[in-house]
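The following exercises invite the reader to study one protein model step by step. Each task is followed by a worked solution.

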Amino acid sequence: MNLHEWFQKGITPDPYIESMEQNQKNLIKIYDQFTVPEEDMPFFNKLKAKQLLSIVITEDWCGDAMLNVPIFLRIAEVAGIETRFLKRDENLELMDQYLTNGKSRSIPKIIVIEENGRELFNWGPRAPELQAFIDNSIAALPPKEADDFKEKQQEMLKFVTKAYRDNKEFHSFVYQDLKKTFAK
């Protein structure tokens, strides 16, 4: 399938968000908290004429998607980008074309295409500053063989989720990295 066919296969944001069971509340909270800065509105408004489309490869359980998707949706609203969602695990043929570092099925992946299906760019799974935050969080865990590894890993995941949800600087990192990608 070409990217336009993948886009047609996807579901629109509202039904996708309504179907969420794990991270729906946090995703909605981030969406409600974030707005595109007023000074950037002209930049994104200019994109409306291009009639861009986007495919978001994601899963409900993904913390990075919980953070990145609502910020992207705010940009998509301003830029007039019609967005469709595909679940990663049900669409591995597409996901495997967008592996992180050529090997990992990391999500979300946001693929922005022209109306004819030509890819303009793809983005994801996270902004560089958040990659450093995750790398540092993982480095602080005990070795996998340690008795308390699972417990410490769960604590880290709760901490990361809360930071993603509440830290406005993290929201800004995602926004700035997405904006930079659009500007290329």
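**Exercise 1. The nonpolar core**

How many residues does the largest nonpolar core have, and which of them have the most contacts inside it?

*Solution.* The model is a predicted one. Its largest nonpolar core has 57 residues. Those with the most contacts inside this core are F44, I55, L94, Y164 and F182. Next, consider where the core residues come from: helix 5 supplies the largest share, eleven residues. Finally, take L94 as an example. Leaving aside residues up to four places away in sequence, L94 touches L3, W6, I55, I57, L86 and I111.

**Exercise 2. The two sides of helix 3**

Determine which residues of helix 3 are buried, how they are arranged around the axis, and what they pack against.

*Solution.* Begin with the buried residues: in helix 3, which spans residues 24-33, these are N26, L27 and I30. Seen down the helix axis, they fall within an arc of 100 degrees, so they line one face of helix 3. A general rule helps here: an α-helix has 3.6 residues a turn, so residues three or four places apart point the same way. Then turn to the face directed away from the buried side, where the exposed residues K25 and D32 are found. The last step is to identify the packing partners. The buried residues of helix 3 pack against helix 2 (13-19), helix 5 (63-79), helix 8 (149-166) and helix 9 (168-183).

**Exercise 3. The sheet**

Describe the order of the strands, identify the edges of the sheet, and state how helix 9 is placed on it.

*Solution.* Four strands make up an open sheet with mixed pairing, in the order 2-1-3-4. The edges are strand 2 (82-87) and strand 4 (119-123); each has a single partner strand, so one side of each is left without a neighbour in the sheet. On average, neighbouring strands are turned by 20 degrees against each other, direction ignored. One pairing can be followed in detail: strand 3 (residues 109-113) and strand 4 run antiparallel and are joined by four bridges. Within this pairing, I113 stands opposite E119 in strand 4. Helix 9 packs on the sheet and touches strand 3 and strand 4. The direction of helix 9 makes about 160 degrees with that of strand 4.

**Exercise 4. Salt bridges**

Establish how many salt bridges the model contains, and examine which parts of the chain two of them connect.

*Solution.* The count comes to twelve salt bridges. For the first example, the side chains of K29 and D166 meet in a salt bridge at 3.7 Å, N to O. K29 lies in helix 3 and D166 in helix 8, so this pair ties together parts that are 137 residues apart in sequence. K29 is partly exposed, with a relative accessible area of 34%, and D166 is likewise partly exposed, at 26%.

For the second example, D40 forms a salt bridge with K179, and their closest N and O atoms are 3.0 Å apart. D40 belongs to the loop between helix 3 and helix 4 (41-45), whereas K179 lies in helix 9, so the pair ties together parts that are 139 residues apart in sequence. D40 is buried, with a relative accessible area of 7%, while K179 counts as partly exposed at 24%.

To finish, look for shared partners. D166 also forms a salt bridge with R165, the closest N and O atoms being 2.8 Å apart. Through shared partners, salt bridges join K29, K162, R165 and D166 into one network.

Key. Residues numbered from 1 in each chain as written. Predicted model: local features only at pLDDT ≥ 70, side-chain atom pairs only at ≥ 80, totals over all residues. Heavy atoms only, no water. Buried < 20%, exposed > 50% of the residue type's maximum accessible area, 1.4 Å probe, protein only. Helix = DSSP H or I, 4+ residues; strand = E, 2+ residues; numbered from the N terminus. Arc of directions from axis to C-beta. Contact = heavy atoms within 4.5 Å. Pairing = 2+ DSSP bridges. Axes fitted to C-alpha atoms, helices over the stretch in contact; angles between N-to-C directions. Core = buried A, V, L, I, M, F, W, Y, C linked by side-chain atoms within 4.5 Å. Salt bridge = Lys/Arg side-chain N within 4 Å of Asp/Glu carboxyl O.
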